[in-house]
Amino acid sequence: MSKKKVKLNILGLSYSQTQSGAYALVLAEEEGERRIPIIIGGVEAQSIAIKLEGLEPPRPLTHDLFLNFSKSFEIEIVEVIIYKLEEGIFYSELVCQNGDEQLHIDSRTSDAVALALRFECPIYTYEDIIEKAGIVLDFDKKEEGQPIVPSTLKPVSTEKYKEKSIDELNRMLQEAIEGEDYERASEIRDEINSREI
């Protein structure tokens with residue numbers, strides 16, 4: 001009997017309220033209200049945020065390198081499946097296509113999501129996992145702690161960029177990217193975007 005797959009979308013990233021130095025990656029079911037919060041490390045959160053923000057690092061990050069390597073050998077990731085939840089840990093696999101051959105490769109969920117963004121492939125889980133781990137977030141209620149802000153690592157304090165012109169901000173953004181300070185680049189990008197609204 002095959003299990004029912006549920007398509008997931010990336011809702012956003014926020015600081016973890018439970019683990020210092022970690023982030024919560026929140027995945028949302030496409031056809032419903034349930035959300036899956038997954039605790040991930042800072043490096044993986046940065047890799048996901050960079051792609052969500054549309055930032056281009058001057059040199060390939062590890063996940064970009066994996067993409068370039070795979071494409072060079074004509075291997076595609078066609079989907080990511082979060083297939084197991086055990087003792088609070090999510091297990092994922094990359095479903096890869098190489099010509100007529102399909103391969104399943106075990107992966108940490110944070111890496112799998114970072115790669116799904118780069119390969120532009122769907123992310124799935126199974127109904128029993130989302131039943132067990134899924135929560136319904138009520139965004140109408142103001143809750144204590146940090147809100148989940150799509151595609152940002154933390155709430156942005158724009159005070160320090162308020163006096164800067166768009167040209168200055170664009171120059172600072174380029175410098176931050178070249179210096180691989182992606183958290184600062186994300187803040188500057190948010191300030192630029194807030195002025196364009």
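Before we start, a quick bit of vocabulary: Ala, Val, Leu, Ile, Met, Phe, Trp, Tyr, Cys and Pro count as nonpolar, Asp, Glu, Lys and Arg as charged, and the others, Gly among them, as polar.

Q: What pLDDT does the protein chain average?
A: This is a predicted model, and pLDDT is the predictor's confidence in each residue. Over residues 139-157 the pLDDT is below 50, though 85% of the residues score at least 70. For the protein chain, the average is 83.

Q: Which strands are the edge strands of the open sheet?
A: Eight strands make up the sheet, with mixed pairing. Reading across, the order goes β6-β5-β4-β7-β1-β2-β3-β8. An edge strand here pairs on one side only, and that fits β6 (101-108) and β8 (135-136).

Q: Do β4 and β7 run parallel or antiparallel, and what is the bridge partner of Ile82 in β7?
A: Three bridges join β4 to β7, and these strands run parallel. Look across from Ile82 into β7 and you'll find its bridge partner, Thr125.

Q: Which residue in the turn between β4 and β5 has a positive phi?
A: β4 and β5 run antiparallel, joined by nine bridges. One of the pairs is Leu85 with Phe90 in β5. The two strands form a hairpin with two residues between them, and the one in the turn with a positive phi, about 50°, is Glu87.

Q: Which residue in β3 does Ala28 stand opposite?
A: Strand β2 covers residues 23-29 and β3 covers residues 34-40. They run antiparallel, with six bridges joining them. Opposite Ala28, in β3, stands Arg35.

Q: At about what angle does helix α3 run to β6?
A: Helix α3 takes in residues 109-119. It lies across seven strands by name: β1, β2, β3, β4, β5, β6 and β7. Its angle to β6 is about 130°.

Q: What volume does the second largest pocket have?
A: Its lining includes Ile38, Ile39, Ile89, Phe90 and Thr109, which lie nearest its centre. The elements giving two or more residues to that lining are β3, β5, β6 and α3. As for the space itself, the volume is about 240 Å³.

Q: How many charged residues are in the lining of the second largest pocket?
A: There are 16 lining residues to sort. Seven are nonpolar and six are polar. Asp, Glu, Lys and Arg count as charged, and the number of charged residues in this lining is three.

Definitions and conventions. Residues numbered from 1 in each chain as written. Predicted model: local features only at pLDDT ≥ 70, side-chain atom pairs only at ≥ 80, totals over all residues. Heavy atoms only, no water. Pairing = 2+ DSSP bridges. Helix = DSSP H or I, 4+ residues; strand = E, 2+ residues; numbered from the N terminus. Contact = heavy atoms within 4.5 Å. Axes fitted to C-alpha atoms, helices over the stretch in contact; angles between N-to-C directions. 1 Å grid on protein atoms, 1.4 Å probe; cavity = no way out; pocket = protein on both sides within 12 Å on 5 of 7 lines; lining within 4 Å. Points joined across faces, edges and corners; volume = space filled by probe spheres on them. pLDDT = per-residue confidence, 0-100.
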